[in-house]
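Here are a few notes to read alongside the model. Keep the structure open and look for each spot as you go.

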Amino acid sequence: MKAKLPLPCVRAYLLAFFLILAGAAATLAQTYRGALQGTVLDSSGAAVAAAQITVRGVGTSFERRASSDKRGAFRVEDLPPGRYEIAVQAPGFARATSEVRVEVSIVRDLTVTLKPQSSQQSVTVSGEASSIATQPMDVTSAVHQGVVTKSDLENIPLAARSFANIAYLVPGTEPVEPSDPTKARITAVSTGGSSGLNNDLSVDGVDNSDDYIGGFLQNFSPDSIQEFSFRTAQEDADTGRTTAGSVVITTRRGSNDWHGDFAFYERAADLNARYPIENPAPDPKQPFSRQNYIGSLGGPIKSDKLWFFSSYEYVNERASIAYSPASQGEFSSLNTLAQQGLIEGVPAIAVPTFAPVPFHDSLGTLRLDWRQSARSQWFLRAAIDSYVTHNDLIQQATLPSTGATSHSNYFNLAVNNQFTFSPTWVGSFSLGASGLHHTETRNETQGFSLQFPFSVTFQTISGLDTFGDNSFATAITAFPVLRNQEKYQLRYDVSHSSGRHAPRFGVSLIHEPVLSGALSGTPETVITYPQDPTFYANPANTNQFFFSRGCATQPDPSTGITCTFTPAGDGSFSQNVQRLGFYAQDSWRITPRLTINYGLRYDTTFGLFTASGRSQLTNPALQNLDPTVDPAITGAPHDYRKAFAPRVGFAYALGSSSKTVVRGGFGLYYDDLAQNGWVLALQAVNDCNFLQSTCPNAAPPPALIDPHYHTPYAIHATAGIQHAFNANWTLSADYTLEQGRHGYAAYTYPDGLEVFRSDNRSSYNALMLHLQGNVARRVSLVANYTLSSAKTWGCVLGELFDYVDGVCDPYHPFAPGDYGPSGEDVTHRAVIAGTFVTPGKFQLSTLFQAESGRPITLTTPDGTRAVINGVESTLDQFRGTPYIQMDLRVARPFTFHDRWTVMPFIEMFNLFNRNNPGANYVTDISALPIPVNDLANVTALCPTPACNVPVTSGKQLLVPAGGLGDFFGPGTTVGIPFAAQVGVRLTF
């Protein structure tokens, strides 16, 4: 199948792009190519100078030339990932040839021994790379990274068919739940103990970061990806806009040989185990089915001149949320209250056994590669992603009225030219354009929302609402009902290799004229109840139930019910942001065994704090400060201009065989917060709130950004050692220290004013062990173990680098108990993945993950930390359940006509059907199934009115809260029950 390229959209983006290039400014530059370096010797071990090295792409006619220096050293930069034929020749010696594979962002080291002209020989290349299990040892770099190839994406079981699933094979990574519910199908990967939203992401050298929420913007089908490098620490100076890691993706391309894939995946309820917490017997098993239809095709339009590659994937999913008996009981009690006329205008409430959540997604790519000449190569790549989810944002304990229809359209374009000025000078010119349009349309608009405790006992990413309108606010953040992002990028990189040095420098400019959206702006009445519907449906308590549209009357304070009315507003926010970055770096090969990498990067922004064309000086909250309550803020924040980031690293090969490499490094990494962190301050100066005559009933959000803004940064210090036992097995040990500075924190003052400051701190320490190898082409293996600690300051949520962590007391922000583990702190994590080929040619592939429990903060209904036996609990004091999951894939290839292979397979996830609640526990102590005696000071549990169970440990309050449904994607930190899918793949 061939993707349809939306030509009018392409023309519009290109026209707009060239119109704004003159004024564009931004930052992102990443190496998305690899390199070859080596030494040419004669049979006595002496250097061979002036040897001619030719590197030619297999099937693509891509060609680069170099020559060895007086020490016999050579280096060939900026090679797109793929297979190459390398030929080395010198006067008086026989020509040496071999085929070698180049991987994204990896420098591969070769030793070529030339023999007298009377004999013929080939270059011996050990550990030929075809997957992460056979990644070559990089003897030139201090970067912590792993390269995942197309083979890994095809052979390792992927629960959500997302490339991020396989990134867990890279040491130093952790799975996380997606932080943006409007992009729940785009999974995230944590590095450095953070949520993953602070990783830098690019595809074919073009920015693919979400500048509103952070993380990955547009999704790409795994079948469109050639390979990707995941750098978890100590990136070179060519990488910016990250305080943790970076993902560098390259897409597949055409060649002189026709090649392609066609595949089909099928999942159904009959292949899934029942989830007894949410869907116990004898209720029918919740409906579910999913089909993935995949096709790709590449080949020559004109051999040795012009090639194409296209891919398309369509996902047809019919998922559902099954309501447990407990949820149905609460819904029935709520229906009883409605039938008694206690909910005005709602005579009855339907109580379904499940809610369907259909999801449809189309992902397409088209790439053209053109060899203009021996010195100039071009490519154009366009990609789209369009999906619709009905009943989106519904969770296990919320009714369909709270859901929405989610619709997103993405577009990403990359144009690149690589020009060889000389054998030692190469320039790479890239243009990029991307766009997003996302809408959330409510299922119902009733003007009110009812919130009960039992709804928040589950993963509350969908909100706190049980019935009525979804107020589109969660315990984590507010998220928009409308989003638009439009981005254009100009980037130029120059590399040079001569003698001992391989300098590289570049500039990147991003113009983002549209970074806008809207939070909910409809009038909202939110009524929050301290008890569940079953309590109020009891005739003895019905008189305590309260309902009012618009809060015209207020509930009796003694009931604990609160009623909040928010008048209508437009909820919009809008920005026009530019980002600029420069870098220069060098790889200095001091000796054949010692390489020093050093560089400097500078990043800055323009318009980061300007919203709707207005400075924060016009924020109404700034004009209405109460000096007796609020801090003295006399100005507006400004773009930070001091983000100079030096980096230095070394790699030293012990012994003449280069089988052992010691590496280390130090660097600074700057990254601005994604804009959702302080969206309320941006919204405060929009037209509706600034010109209040246009919205007379709207109140601007009381939110300000502190004028003493400092771009957050992290310090990376790393050291490690890697040893190759032989050509097939390597073992490495690496230590990483990351210190976060000037992270974000939210200060909420007594009058409701929220001030965002950049004064938070955090730390991450990790020891990572990594073993990789293969045996006789039958067994490939990757095994990782990480011992780590991630800590930060916060109140009830602690996240490193990328979230706005709230403080409990704005007048004492760094108080005892406010420093603790981050939400993604995992002390122990182990991963084993590999493929075993049986004598009958069956292929068994597995992905096994095990990690210790993640942190939990117990809270009270007012959002403060729980007090137990007179002592306030600390940030993330408690731990959930250790996560253990094993996935397995069984496949059997059948080859015919030499190049054609049919591969039927079955993939099984959570093979042993282990219950993995992760850290998904009841955090609000008012919602515990067994009540506590006093929400202000827990001393006993109350299974009976006598409250006769003393609480001697906070662990007695830990109750698993269920799990996420398939609407949110198969579990990462929260597991799903056993699930299987079958399929078949045709490859040629």
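1. Let's begin with one pair of strands, bearing in mind that this is a predicted model. Strand β12, residues 200–203, pairs with β13 in the antiparallel sense, over two bridges. If you want one contact to look for, take Val-203: its bridge partner in β13 is Val-206.

2. Now zoom out from that pair. β12 and β13 belong to an open sheet of five strands, ordered β9-β14-β15-β12-β13, and the pairing in this sheet is mixed. Which strands sit at the edges? They are β9 (144–149) and β13 (206–207), each of which pairs on one side only.

3. Next, have a look at Gln-395. You'll find this residue in a loop, the one between β20 (376–392) and β21 (404–422). Is Gln-395 buried or exposed? Its relative accessibility is 3%, and the cut-off for buried is under 20%, so Gln-395 counts as buried.

4. Here's a distance to check for Gln-395. Along the sequence, Gln-395 and Gly-880 are 485 residues apart. In space, the two are 21 Å apart, going from C-alpha to C-alpha.

5. Last stop: the surface. Trp-588, Tyr-598, Val-648 and Phe-666 make up a nonpolar patch there, and together they have about 350 Å² of accessible area. To get your bearings, start from Trp-588, which is in strand β29, residues 572–591. Why is Trp-588 called partly exposed? Because its relative accessible area is 32%, and partly exposed covers the range between under 20% and over 50%.

Conventions
Residues are numbered from 1 along each chain as its sequence is written. This is a predicted model: local features need pLDDT of at least 70, side-chain atom pairs count only at pLDDT 80 or more; totals for chains, interfaces and linings use all residues. Side-chain values use heavy atoms; hydrogens and water are left out. Two strands pair if DSSP finds at least two bridges between them. Helices (H or I, at least four residues) and strands (E, at least two) are DSSP runs, numbered from the N terminus. Buried means under 20% relative accessible area, exposed over 50%, partly exposed in between (1.4 Å probe, protein chains only). Patches are made of residues with over 30% relative accessible area and no salt bridge: like charges are joined within 9 Å, nonpolar side chains (Val, Leu, Ile, Met, Phe, Trp, Tyr) within 5 Å. Accessible areas come from the Shrake-Rupley method with a 1.4 Å probe; for residues, only the protein chains shown count as cover. A salt bridge is a side-chain nitrogen of Lys or Arg within 4 Å of a carboxyl oxygen of Asp or Glu.
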